[in-house]
Amino acid sequence: MTPVPAPIPMAPNAAPDMTAWESAWAAGDPAAVAALYAPHGTLQVPRRAPAVGPAAIAAVFAGGVPKLLVRFRPDGGAVADALAWATGEFADHDRATEAVLARGRYVVVWARDPAADGWVIVYHTWTTLPDA
């Protein structure tokens, strides 16, 4: 059985953000990144089948963690009761050189964890933008 992810600690009604995601990724731990997703959380990688649940999500991220740093720049979002969403830009950087390898747009949807005052990711997708 998949363990329940630790909630992202937030003040009541505060919007979640991708800070914990970036930190877990920078630490090189795909399982820690995947633990931020709900047990039924879905990662929709463009042009691939969805990965559902932390184990499947960790498997998807395992190939990128050693090579990339990911940085997010949110530009929209809202909190409505037990749901929150955010959109923005992201950039994939080469872990060794910091060179930008790709840029794109992302969407993340969170749900409030009923067991604690925190959030888990229920849906996450992105699209890569063509080179400028």
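**Close-up views of a predicted model**

**View 1. Helices and strands share in lining the largest pocket.** At least two residues of the lining of the largest pocket come from each of these elements: helix H1 (19–26), helix H3 (54–62), strand E4 (68–80), strand E5 (83–94), strand E6 (100–113) and strand E7 (118–128). Please keep in mind that this is a predicted model. The largest share of the lining, 4 residues, is supplied by E7. In total, 19 residues line the largest pocket, and those nearest its centre are Phe61, Leu68, Phe90, Asp92 and Trp126. Sorted by class, the lining has 13 nonpolar, 4 polar and 2 charged residues. The volume of this largest pocket is about 370 Å³. Rolling a probe the size of a water molecule over the atoms is what shows where empty space is left.

**View 2. The whole chain, for orientation, has 3 helices and 7 strands.** If you trace the protein chain along its sequence, you meet the pattern β-α-α-β-β-α-β-β-β-β. The protein chain has 132 residues, and 39% of them are buried. Among contacts between residues at least 6 apart in sequence, 53% join residues at least 24 apart.

**View 3. Helix H3 has a buried side and a face turned away from it.** Which residues of H3 are buried? They are Pro54, Ile57, Ala58 and Phe61. These residues lie on the same side of H3 because they cover an arc of only 100° around the axis. An α-helix has 3.6 residues a turn, so residues three or four places apart point the same way. Ala55 and Ala59 are exposed, and they sit on the face of H3 turned away from its buried side. The buried residues of H3 are covered by several elements, including H1, helix H2 (30–34), strand E2 (37–44), strand E3 (51–52) and E7. Phe61, one of the buried residues of H3, also appears in View 1 among the residues nearest the centre of the largest pocket.

**View 4. Helix H1 buries Trp21, Ala24 and Trp25.** Down the axis of H1, the buried residues fall within an arc of 100°, so they line one face of the helix. This buried set packs against H2, E2, H3, E4 and E7. After H1 comes Gly28, with a positive phi near 80°.

**View 5. E4 and E5 run antiparallel and are joined by 12 bridges.** Two pairs help you find your way along these strands: Arg73 stands opposite Glu89 in E5, and Pro74 has Gly88 in E5 as its bridge partner. The hairpin of E4 and E5 has 2 residues between the strands, and in this hairpin Asp81 takes a positive phi near 55°.

**View 6. E5 and E6 are also antiparallel, with 11 bridges joining them.** Look for Asp92, which stands opposite Ala102 in E6. Asp92 belongs to the group nearest the centre of the largest pocket as well. How many residues lie between the strands in the hairpin of E5 and E6? There are 5, and Glu98 in this hairpin has a positive phi near 70°. In a regular strand the side chains alternate between the two faces of the sheet.

**View 7. His124 has its place in strand E7.** Is His124 buried or exposed? With a relative accessibility of 2%, His124 counts as buried. Its neighbours within four places in sequence aside, His124 is in contact with Met18, Trp21, Tyr37, Thr42, Leu43, Gln44, Val107 and Val108. One of these contacts, Trp21, is a buried residue of H1 and can be found again in View 4.

**View 8. Ala111 lies in strand E6.** The relative accessible area of Ala111 is 17%, so this residue is buried, given that buried means under 20%. Residues up to four places away in sequence are not counted here: beyond them, Ala111 touches Ala82, Leu83, Gly118, Trp119, Val120 and Val122. Ala111 and Val122 are 11 residues apart in sequence, and their C-alpha to C-alpha distance in space is 6.4 Å.

How values were computed. Residues are numbered from 1 along each chain as its sequence is written. Side-chain values use heavy atoms; hydrogens and water are left out. On a 1 Å grid over the protein atoms alone, a cavity is a set of points where a 1.4 Å probe fits but cannot get out, and a pocket is an open set with protein on both sides within 12 Å along at least five of seven lines; lining residues have an atom within 4 Å of a point. Grid points are joined across faces, edges and corners, and a volume is the space filled by probe spheres set on the points. Ala, Val, Leu, Ile, Met, Phe, Trp, Tyr, Cys and Pro count as nonpolar, Asp, Glu, Lys and Arg as charged, and the others, Gly among them, as polar. Buried means under 20% relative accessible area, exposed over 50%, partly exposed in between (1.4 Å probe, protein chains only). The arc is that of the directions from the helix axis to the C-beta atoms. Contact means heavy atoms within 4.5 Å. Two strands pair if DSSP finds at least two bridges between them.
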